[in-house]
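User: Please take a close look at the surroundings of the ligand in this model. Then set that part against the packing and the ring pairs elsewhere in the chain.

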Amino acid sequence: MAEDATIALVTGANKGIGRAIAGQLAGRGLTVLIGARDPGRGEAAAAELRVDGADAHPVRLDVTDRSSVQAAAAEIGRRYGRLDVLVNNAGISGSGDRGPGEDGGQSPGRVNLDVVRTVFETNVFGVIAVTDAMLPLLRRSLAARIVNVSSGTGSLHWMTDPDFYMSKLPAVAAYPVSKTALNMLTVQYAKALAPDGIPVNAVAPGAVATDFSKNLGMVITRTPDEGARIAVQLATAAPGGPTGGFFNDDGAVPW
Ligand code: NAP
């Protein structure tokens, strides 16, 4: 690792968009910490990136497990003494391995609250837990940044615009609700961290071909590398860049 390398942690980076974010950050010369709840999968992803010349290392991190989150923060503190970039990417749809025509317990009127709680544990409470645990390390950075990987389905504007395709998606009580909550978390953390000069932004990667999307009946238009682009852009934005915003490749996403 170069003495002045920028240290980035990406949660859920062993596959999908998170792995692509980690790869692109490494391509820009950052040291990337591959957050993964399974150490084997984390090391496999890091090893693959190292083949391409990346400075990539696995960090065991289950965002829903308090002791795992604290242990990850302690390990990063011990190894690097600070953290420059946090990308809260780990997320679940809550749909599990549902079959065609099954709603996965998320249909309003037939909601399985356990599914909603599980989705919020990862997509919302996990982000709070990880961000709070990493904040002391982020505050030691000269130019820290936080990026939350949200979703266009978290946009109340898009989901209620009768002319926009997202308003025609089936009603779902967990996943998009969790991403709307994540958007508000982004606004609140941006406000709280403004005095520290730490920008906090949310991004919408678009419909990306990953394990997450393969059973959701979505029309997939993007590769993981394309979905990663906006997160990487904000994670490496020059000082004085935006904070408290919601962005995709086309610019600001309406809340
Ligand atoms: P993915 O391929 O299923 O990857 C999700 C990643 O999150 C995996 O590494 C997974 O680890 C990890 N993860 C899940 N629960 C975790 C936990 N409790 N602790 C730590 N890691 C955990 O999905 P993806 O499409 O790349 O999704 C990444 C993010 O993009 C999510 O926040 C998702 O909501 C968002 N997003 C995706 C799309 C899309 O079209 N794909 C669209 C909009 C937003 P394991 O391998 O251990 O399961």
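Analyst: What follows starts at the ligand and then moves to the nonpolar cores, the aromatic pairs and two single residues. The model is predicted, and features described locally rest on residues with pLDDT of at least 70.

The shell around the ligand consists of 29 residues. I17, R41, N89, Y175 and T210 are the closest of them. Several oxygen atoms of the ligand can be described through their polar neighbours. On the side-chain side, N14 places a polar atom 2.8 Å from an oxygen atom of the ligand. Two further distances involve the backbone: a polar backbone atom of N89 is 2.7 Å from a ligand oxygen atom, and a polar backbone atom of G206 is 3.4 Å from a ligand oxygen atom. The ligand taken alone exposes 890 Å², and the protein buries 95% of that area. Among the secondary structure elements, α1 (16–27) and α6 are those that give two or more residues to the shell.

Helix α6 also takes part in the packing of the protein. The largest nonpolar core has 35 residues, and within it L9, I76, L83, L86, M134 and L138 touch the most other members. At least two residues of this core come from each of β1 (7–10), α3 (66–80), α4 (113–138) and α6 (175–193). Helix α4 supplies the largest share, eleven residues. M134 shows how these parts meet: leaving aside residues up to four places away in sequence, M134 touches L9, V69, A72, A73, I76, L83 and L86. A second core, separate from this one, has 30 residues, including A8, I17, L49 and V208. I17 thus appears both in this second core and among the residues closest to the ligand. As a general background, nonpolar side chains in soluble globular proteins tend to be buried together.

T122 is another residue of helix α4. With a relative accessibility of 10%, T122 falls below the 20% cut-off and therefore counts as buried. Apart from residues up to four places away in sequence, the contacts of T122 are V63, T64, A90, G91, I92 and V127.

The aromatic rings form five pairs. One of them joins F120 and F125, with ring centres 6.1 Å apart and planes at 55 degrees, so this pair is tilted. The two partners differ in cover: F120 is buried at 17% relative accessibility, whereas F125 is partly exposed at 41%. The pair of F164 and Y165 is also tilted, because its planes stand at 50 degrees, with the ring centres 5.0 Å apart. F164 is partly exposed, at 22% relative accessibility. Ring pairs link F164 and Y165 with W158 into a cluster.

The last residue is M218, in the loop between β6 (200–203) and α7 (224–235). M218 is partly exposed at 34% relative accessibility. Not counting residues up to four places away in sequence, M218 touches A207 and S213. The C-alpha atom of M218 is 9.2 Å from that of L169, although these two residues are 49 residues apart along the chain.

Note on methods
Residues numbered from 1 in each chain as written. Predicted model: local features only at pLDDT ≥ 70, side-chain atom pairs only at ≥ 80, totals over all residues. Heavy atoms only, no water. Phe/Tyr/Trp six-rings, centres within 6.5 Å; stacked < 30°, edge-to-face > 60°. Buried < 20%, exposed > 50% of the residue type's maximum accessible area, 1.4 Å probe, protein only. Core = buried A, V, L, I, M, F, W, Y, C linked by side-chain atoms within 4.5 Å. Helix = DSSP H or I, 4+ residues; strand = E, 2+ residues; numbered from the N terminus. Contact = heavy atoms within 4.5 Å. Near = heavy atom within 4 Å. Polar contact = N/O pair within 3.5 Å; in protein donor to acceptor, adjacent residues only side chain to side chain. Areas by Shrake-Rupley, 256 points an atom, 1.4 Å probe, with all protein chains shown as cover.
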